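User: Please give me a close look at one part of this model: the places where the chains meet. Talk me through it as you would at the bench, and tell me what else is worth finding on screen once I'm there.

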Amino acid sequence: MDWLRVWMMPPQGSEFAKEIDFVYMALFWLSVVLFFMIAVPSVYFPWRYRFKRGRVTPHQTHNTTLEVLWTVGPLVLCVGIFFWGLNGWMKYAVAPGEAMEISVTAKQWLWQFEYPDGSRTINDIHVPVNKPVKFTMTSEDVLHDFYVPDMRVKHDIIPGRYTQIWFTPTVLGKHNFTCAEYCGKDHSGMKGFLTVDNDADFAKWMETGGTEWEDYFNGKDPTKTPADWGKITYERVGCNSCHTTDGTKSKGPSWKGVYGSMVELNNGTSVLADEAYIRESMLSPQAKIVKGFDPIMPTFQGLLKPNQQNGLVAYIESLK
Amino acid sequence: MSTTTTDVQSHGGHGDHEHNPYHQHHFTTMEQQFDTSKLGMWLFIVTEILLFGGLFVGFGLMQHQYPREFIEAHEHLKQVIGGHLMPLYGSVNTIVLLISSWTMVMGVNAAQTNQQKKTVRFLVLTIILACVFLVIKYVEYSHKFHDGLLPGIFYAHQSEDLIKGTHGYATFFAFYFMMTGLHGIHVIVGIVLLSWLAIRAKRGDFNSDYYTPIDLVGLYWHVVDMIWIYLFPLYYLIS
Amino acid sequence: MEPAVTSGARIGDRPRPKKNYLNETKGFKSWALTVDHKRIGIMYLIGTLTAFLLGGIFALLVRLTLLTPAHKIFGMQVTAETYNRFFTLHGAVMVFLFIIPSIPGSLTNFVLPLMLGAKDVAFPRLNLASFYLWIVGAVMAISSMIIGAVDTGWTFYTPYSTTTSGTVTLMTAAVFVLGFSSIFTGLNFIATVHKLRAPGMGWFDMPLFVWGMYSTALIQILATPVLGITLVLLMLERVFQIGIFDSRIGGDPVLFQHFFWFYSHPAVYIMILPGMAIISELIPTFSRKTIFGYRAIAYASVSLALVSFIVWGHHMFVAGQSELATVVFSALTFLVAIPSGVKVFNWLTTMYQGNISLETPMLYAISFLMLFAIGGLTGIFLGTLSTDVHLTDTYFVVAHFHYVMMGSTVTAFIGGLYYWWPKMTGRMYNERWGQVTAVIWFIGFNATFLPQFILGSRGMPRRYYNYLDQFQPLHVFSTVGSWIIGLSLFMTAAVLLASLRKPADAPDNPWGGTTLEWQTSSPPITHNFEEQPVLEHEPYDYRPKAVTH
């Protein structure tokens, strides 16, 4: 019957997921049994006791024993289920002391993560396998919710407060996470991937932002250029929420045709948008503001690894 | 019991008989009609209590959140009398409403005992007292506006709030205006109802057989008074 | 009570009255200013069914958008913002304009006084006022959709709802007005049940439909004012920024959720109790057997109403309320399952050794039993803390509440509509086609919502415009199911409207019911009964009388 669980539930990313699935499947089978106990008579009785003219029905008004049984019985069952649920939930509710703490700042419509060593990432997070990790979360604007289906955990993220979830991932690889509290226009675009690495890969990630980018810079695959990596970064890191690539004006200037052009600033001067300008825009965006736009771009200092910056420069250059 | 109006008979259906002109047909007797109307008014009062109750709960939660700012803000509801800070306007308003409840009871009683002129007199007195209440409230509100003690975003008073950037004062005054404002709206509605009653009483609509509207509005008025009795210490007496 | 079976049969050979409540007075004013509970019930019926149509159109648009990842409906691109408005308006219209007012305003208004042997409700003019408040609220809500639309979800969570553009303030004002319509209806029914029962009808002689509606009315007057004040606070937060729900100015967003669910959880019992009340009528009538466990069902109705007030936090297990609150709310939530279970067992036992026929209302009642079973059982998954963490805010919740609100309440509403249709209009509908609609409804409903449990347990969040590729087959299945539901409802409308072309010659008591509404003509005269009925027997007594009248 495992195929049924596999069909109904996401992959099990942790031991906790296995425990939850066990409870879920138990409730599922209980529900199936109880459903048939109700559905079978609903369908059988109309056939077995179908209308016959003149038949007189018995005047059964109540049966105290039966009624007490089917009041107390379900009550006992419910109490049992309640405690079972409480048990699992208490494990979820309290993080172990040695958990690695990652702080999460959610905002419309992306995720910002910060590791204990201060390094930061957007939408794309890695954690080491078999070690408990705790996410301490707050929001910059409205309610959000961090939901990792494979780990079976979620919790709302509230502005002005800190909330927490934790888990110990046991399965390597990519696990998706999503926002699970409606937060406006791109609520369903607010997602990312949680990658569970072994210790070696995790260490590499902390150092350089992982290994995924390497294939785009070693020239081995002609379909993977630095500009392609830049495009991936553009989407992953959330540049696309303010900059378009087709010329339409959004919260920020479009990247189409920018590279190598003369850009008019809000102080009346014009500058050449060369590579230095592009890099400065990423790391010190407040230094130069393009005319007709507000100074709202946050800095990506510390958020973009060198490979990501290089990729973005290559990508912007390709958008002539 | 007066016999100037027709006696109401207990009966199970239609027939040739004299009806009280206010007897609605789906009721068997006037007594049943009166009892039902009273029940309906009590049910409505329950909903009013829950409506204000929500605000009281909200106030309590905010007081818990900003204890110091709320206590300090209370002081702004008092006036300086002979060198002391006293809740003058609040106290006067409380007395005014209590007296109006008394005049209301007297009005109901006068209707019950067929004293038409007295009924009108007491209803009018109740209206006057309610208007006095509103005038005092108007004076209070204009002082607050003058001092910049306004709800939420409009708050402009020199206080801890603006110095420290907290919101306790602004939130306090938001609740103050909301709760006294909602109460004030109920007083205005009461004045309208009482005026309508006074007109009808002058016309001679009410007597010992039929005084239901006065009784019901009386109930409403007592509730309006009672809500003030809760608002008064909450806002004016805490220090 | 012998069941009457032939068409045109009249009780005791009374001549059919020429004038009934429909034709006694004519003209727009006679309807617009009516205080007749039956006419008001018909007007509510038309109004709330129109709202159902509007909410249903939004639902079809939601499901069409989710059919493919391209999100195109007939070639037109649906943007994320538009989609957010679709599901918000679907929810708001269905909850506030349809489900809460429909059964109380239409069927109950019509039938309750008749069942009590009364001439009208306690406050007929208040009844008309309730209806006009509904109209005003509906106009305000529709205006808000046309002027700017709302995209907050029907739950209006802060701080998104206090800061987003859109006509949130107008929509919440509309709901405030609709709330008063609901309060006055509840107030009216409570007074009616207390004071206008026929001679000889004690509390435990009343039909269970009345017990169900009385319990509903209790919730209406106790819970709705709290919604009213919550909406006022929301509007003030939006306009004046008073600092109660918005954290940037010192407020607490979770406080909004507490205020909101304090009303909205009891509200869902305002939705289900009338449905259950209808089922308590349909089952004994079509089983021709006395209801099993009358008192248990009566007590279960009232206890559901009362317990519904202490479980609101089960909507907030992961919302940031205290751990203690979470544990307490979960425990109390399990309590609320018991009365519902008792009712289902009592209904089934009523059918046992009955003499059952499967006319359209009974088919809907049997659908109710199965669909409510699924809805109620899936509630257990959500009340259980450890599984709720995974399932809350996913499609599992969407499926659960559609099974109880639509699969149960709407199913019962349609069954009740067929059941009382001859009484209200004097016409019998085409039985065979009616039965077909019931079968299609059952199939379509399950096809739409059963897959959504799987979508949820597999991790798809609700209010989601995009989804992972692996979810597409289930979405397609669900969307096709929604078309089947549409077909069934369209057919029901056709069946019922077609019956109006026939002459009004339905029997007084086509189903052999034992409650008082079947003792008067179909349709009833304006004053309901020619003579004041006096109750002479226990409720639902199907024993043959020693002497026939």
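Analyst: **Where chain C meets chain A**

Between chain C and chain A there are 28 residue pairs in polar contact, counting those with both residues at pLDDT 80 or more. On chain C, the elements that put two or more residues into this face include helix 3 (80–116), helix 8 (253–287), helix 9 (294–307), helix 10 (323–351) and helix 11 (360–383). Helix 5 (160–163), helix 12 (385–391) and helix 14 (431–457) of chain C are on that list too. If you want one element to click on, take helix 10 of chain C, which supplies the largest share of the side touching chain A, at 15 residues. Sorted by class, that side of chain C has 46 nonpolar, 29 polar and 12 charged residues.

Keep in mind that you're looking at a predicted model. With that said, let's step back to the whole contact. It draws 87 residues from chain C and 81 residues from chain A. Interface size is often quoted as the accessible area that disappears when the parts come together. For chain C and chain A, that comes to about 7100 Å² buried between them, with 69% on carbon and sulfur atoms. What does the salt-bridge rule find across the interface of chain C and chain A? Zero salt bridges, even though charged residues do sit on the chain C side.

How do the three chains pair up? Two pairs of chains are in contact, and chains A and C share the most contacts. Chain A and chain B don't touch, with 13 Å between their nearest C-alpha atoms.

Now turn to chain B and chain C. Here 35 residues of chain B are in contact with 33 residues of chain C. The two chains bury about 2900 Å² between them, 74% of it on carbon and sulfur atoms. Salt bridges are again at zero across the interface of chain B and chain C, and five residue pairs are in polar contact, both residues being at pLDDT 80 or more. The elements of chain B that give two or more residues to this face are helix 1 (30–65) and helix 6 (168–203). Helix 1 of chain B gives the most, with 18 residues. By class, the chain B side splits into 18 nonpolar, 16 polar and one charged.

While you're on chain B, find the nonpolar surface patch of about 470 Å² formed by B:I49, B:L98, B:M226, B:I229 and B:Y230. Helix 7 of chain B (residues 212–237) gives the patch its largest share, three residues, and B:Y230 is located in that helix.

So where do you find salt bridges? Searching the whole structure turns up 21 over all chains. One to zoom in on is A:D124 with A:R236, whose closest N and O atoms are 3.5 Å apart. This pair ties together distant parts of chain A: A:D124 belongs to strand 4 (residues 124–128) and A:R236 to helix 5 (residues 226–236), 112 residues apart.

Last, a few backbone spots on chain C. The peptide bond from C:T158 to C:P159 is cis, with omega near -5°. C:P159 lies in the loop between helix 4 (124–147) and helix 5 of chain C, and helix 5 is one of the elements on the face toward chain A. Another cis peptide bond joins C:S522 and C:P523, omega being about -5°; C:P523 falls in the segment after helix 15 (472–499) of chain C. Finally, C:D393 carries a positive phi of about 65° despite not being a glycine. Look for C:D393 in the loop between helix 12 and helix 13 (395–425) of chain C; helix 12 is also among the elements on the side touching chain A.

Key. Residues numbered from 1 in each chain as written. Chains lettered and ligands numbered in written order. Predicted model: local features only at pLDDT ≥ 70, side-chain atom pairs only at ≥ 80, totals over all residues. Heavy atoms only, no water. Contact = heavy atoms within 4.5 Å. Buried area = accessible area lost by both parts, 1.4 Å probe. Salt bridge = Lys/Arg side-chain N within 4 Å of Asp/Glu carboxyl O. Polar contact = N/O pair within 3.5 Å; in protein donor to acceptor, adjacent residues only side chain to side chain. Helix = DSSP H or I, 4+ residues; strand = E, 2+ residues; numbered from the N terminus. Nonpolar A, V, L, I, M, F, W, Y, C, P; charged D, E, K, R; others polar. Patch = residues over 30% accessible without salt bridge, like charges linked within 9 Å, V, L, I, M, F, W, Y side chains within 5 Å. Areas by Shrake-Rupley, 256 points an atom, 1.4 Å probe, with all protein chains shown as cover.
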